[in-house]
Amino acid sequence: NVTASLVIKKTSNQNDLFEIDPKTFALRFKTAPDFEEKTDHNNTYIAELQLHSSKVVQLLVKVIDQNDAPAFVADTNNTFNVFENSTFAYQFQSLDDEVGQNLIYSVKGGQDSQYFEFREGDELHFSTAPDFENPKDLGGDQIFDNAYEVEVQVSDTGVPPQATSKVVTVKVLPVNDAPSFITETNLTVNENATLIETIKARDPDAGATLSYSIPNLTNSSPV
């Protein structure tokens, strides 16, 4: 029938941080302590314990530091828009409560992970610049909709190393692409004829109207 209780002295309120099971005597923090955001100036706390009607016992509880995982800087938007023909996708920022550690970014997974890599440390890039007119993505609402899904990870160099990851979507937007000629560049024409060739070109952008002209035309030009 022995029970235990916490005694709160007027000179200290640290017992407010603890709770105890009166039957098993399991002493716990009410909320897990954070070494980096310590309530006490040296991460040492005092719990005053009394077993039934015996004298008060003072316990010294010291919190030991452990390596915490880094965290991505809060960003509620995990969808990023980029224009085609460029490899850059996004520059991430992260924080680590542990002083002096290096942060390492990597591609962890995702449906379209094979198209991404990190450069310059924290910059997510397409391995090859995406082409809006020829999408390769498997993520998004449906395949080939120019919404690439990739899981990115940031890890630290603590002991043991810790890591955090999240899934982001990179949406590729179109830009106006230049048309290209499909007519042969070396042309022949019979004498006494004015028509040389019907020039043909194509534009990768759907619905584009092409206009033809001769640049730098002068009065002395033969055509």
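I started with the outside: the accessible surface of the protein comes to about 15,500 Å², and 51% of that belongs to carbon and sulfur atoms. Note to self: this is a predicted model.

Next I checked how much is tucked away. Of the 223 residues, 26% count as buried. For secondary structure I got 16 strands and 0 helices. I also looked at contacts between residues at least 6 apart in sequence, and 54% of them join residues at least 24 apart.

Then I picked one strand to follow, β13, which spans residues 147-155. How many of its residues are buried? I found 8 of 9, so mostly covered by the under-20% cut-off for relative accessible area.

I looked up the partners of β13. Strand β10 (residues 104-109) pairs with β13 in the antiparallel sense, over 5 bridges. In that pairing, Val107 stands opposite Val152. Strand β14 (residues 163-173) also runs antiparallel to β13, and 9 bridges join the two. There, Ala147 has Lys171 of β14 as its bridge partner.

Last, charges. Side chains of opposite charge can pair when their charged atoms come close. I searched the whole structure and got 2 salt bridges. One is Lys108 with Glu151, with 4.0 Å between the closest N and O atoms. Lys108 lies in β10 and Glu151 in β13, so this pair ties together parts that are 43 residues apart in sequence.

Glu117 and Arg119 also meet in a salt bridge, at 2.7 Å from N to O. Buried or exposed, I wondered about Glu117? Glu117 is partly exposed, with a relative accessible area of 30%. Arg119 is partly exposed too, at 28%.

Terms used. Residues numbered from 1 in each chain as written. Predicted model: local features only at pLDDT ≥ 70, side-chain atom pairs only at ≥ 80, totals over all residues. Heavy atoms only, no water. Helix = DSSP H or I, 4+ residues; strand = E, 2+ residues; numbered from the N terminus. Buried < 20%, exposed > 50% of the residue type's maximum accessible area, 1.4 Å probe, protein only. Contact = heavy atoms within 4.5 Å. Areas by Shrake-Rupley, 256 points an atom, 1.4 Å probe, with all protein chains shown as cover. Pairing = 2+ DSSP bridges. Salt bridge = Lys/Arg side-chain N within 4 Å of Asp/Glu carboxyl O.
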